[in-house]
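Hi everyone, thanks for coming. I'd like to walk you through a structure that may be new to you, so have a look at it first.

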Amino acid sequence: SPLTIDALPGGSNPTTLAEAAAIVESWGYDEINLNCGCPSERVAGKSCFGAALMREAETVREIVSAMRKRVSVPVSVKTRLGIDDLDCQEFTEKFVETVAASGCSRFIMHARKAFLKGLSAAQNRTVPPLHYDRVFRLKKKFPFLSISINGQIRDLDLAEDLIFARGNPKGESLWPEDGDTLMESVRAESLLWGGRGAQTEG
């Protein structure tokens with residue numbers, strides 16, 4: 001099975017992160033995922049990395065571009081819908097559009113925003129409301145991108161709903177390239193946790 005590493009950079013220097021990406025590739029990973037969604041105050045609250053990078057879409061574009069020039073494996077980006085007061089649909093679309101200009105074609109979207117202050121990392125996984133519909137809208141606006149949905153998808157029923165029904169009156173899969181992966185992930189975690197209820201978070 002393909003191996004993806006979720007890279008949480010300790011900085012925002014494109015040259016340094018490109019060097020780190022080359023090292024990671026040498027370890028045998030098939031994909032490098034740049035984490036622009038971690039809201040931990042120990043991460044995003046200290047410097048411009050983690051979810052704080054959402055304020056700097058051009059910097060993220062430069063980072064991904066530099067990483068892609070150094071490695072042969074795909075570089076993807078995991079992010080949120082926004083941070084603090086920067087969480088409207090237009091902001092999210094502009095972030096994705098800007099970063100995609102680097103050549104990045106895969107985004108993993110946690111369907112809620114993050115609060116960089118006032119909430120713990122654990123609270124940021126449950127307190128900000130989920131907006132799956134906004135990820136649907138991103139998918140429709142950027143049909144040429146691979147956009148995966150993430151965030152509190154804890155059971156098979158919800159996974160099936162997200163793939164086939166919600167926001168899609170035709171009942172067709174909005175995620176033909178990711179639907180099977182999502183279902184297998186939820187099934188595996190359901191078995192791990194002893195039932196239909198899984199614990200997938202992002």
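Let me start with a term: buried means under 20% relative accessible area, exposed means over 50%, and partly exposed is in between, using a 1.4 Å probe and protein chains only. With Ala 20 at 34% relative accessibility, we call that residue partly exposed.

Now, what are you looking at? This is a predicted model, where local features need pLDDT of at least 70 and side-chain atom pairs count only at pLDDT 80 or more, while totals for chains, interfaces and linings use all residues. Residues are numbered from 1 along each chain as its sequence is written, and side-chain values use heavy atoms, with hydrogens and water left out.

Okay, the overview. The chain has six helices and five strands; helices are DSSP runs of H or I with at least four residues, strands are runs of E with at least two, and both are numbered from the N terminus. Reading from the N terminus, the order is β-α-β-α-β-α-β-α-β-α-α. There are 202 residues, and 50% of them count as buried. Take the contacts, meaning heavy atoms within 4.5 Å, with a separation of 6 or more: 72% of those in the chain are between residues 24 or more positions apart.

On to the helices. Two packed helices are described by the angle between their axes and the distance between the axes. The axes are lines fitted to C-alpha atoms, for helices over the stretch in contact, and the angles run from 0 to 180 degrees between N-to-C directions. Under 35 degrees counts as roughly parallel, over 145 as roughly antiparallel, 65 to 115 as roughly perpendicular, and the rest as oblique.

First pair: helix α1, residues 14-26, and helix α2, residues 57-70, have axes that come within 8 Å and cross at roughly 40 degrees. So α1 is oblique to α2. On the α1 side, the contact is made by Pro 14, Leu 17, Ala 18, Glu 19, Ala 21, Ala 22 and Glu 25, and on the α2 side by Glu 62, Ile 63, Ala 66, Met 67 and Arg 70. Sorted by class, that gives eight nonpolar, no polar and four charged residues. For the classes, Ala, Val, Leu, Ile, Met, Phe, Trp, Tyr, Cys and Pro count as nonpolar, Asp, Glu, Lys and Arg as charged, and the others, Gly among them, as polar.

Let's zoom in on two neighbours in α1. Is Ala 21 buried or exposed? Ala 21 is buried, with a relative accessible area of 2%. Leaving aside residues up to four places away in sequence, Ala 21 touches Ile 32, Met 67 and Val 71. Its C-alpha is 8.6 Å from that of Arg 68, although the two are 47 residues apart in sequence. Back to Ala 20, which is also found in helix α1: its C-alpha is separated by 9.5 Å from that of Arg 70, 50 residues along the chain.

Second pair: α2 packs with helix α3, residues 89-100, at an angle of about 30 degrees, with the axes 8 Å apart. That is why α2 and α3 are roughly parallel to each other. Here the contact is made by Ala 57, Glu 58, Val 60, Arg 61 and Val 64 of α2, with Phe 95, Thr 98 and Val 99 from α3. The classes are five nonpolar, one polar and two charged.

Third pair: the axes of α3 and helix α4, residues 132-141, come within 11 Å and cross at roughly 45 degrees. That makes this pair oblique. Gln 89, Thr 92, Glu 93 and Val 96 of α3 meet Arg 134, Arg 137, Leu 138 and Lys 141 of α4. Those residues divide into two nonpolar, two polar and four charged.

Now a strand residue. Glu 31 lies in strand β2, residues 31-36, and Glu 31 is buried at 13% relative accessible area. Which side chains does Glu 31 join through polar contacts? One is Ser 76, at 2.5 Å, and another is Arg 106, at 3.4 Å. A polar contact here is a pair of N or O atoms within 3.5 Å; within protein, one must be able to donate a hydrogen and the other to accept it, and residues adjacent in sequence count only if both atoms are side-chain atoms.

Last stop, a backbone detail. Most residues other than glycine have a negative phi. Asp 84 is not a glycine, yet its phi is positive, about 50 degrees. You'll find Asp 84 in the loop between β3 (75-80) and α3, partly exposed with a relative accessible area of 22%.
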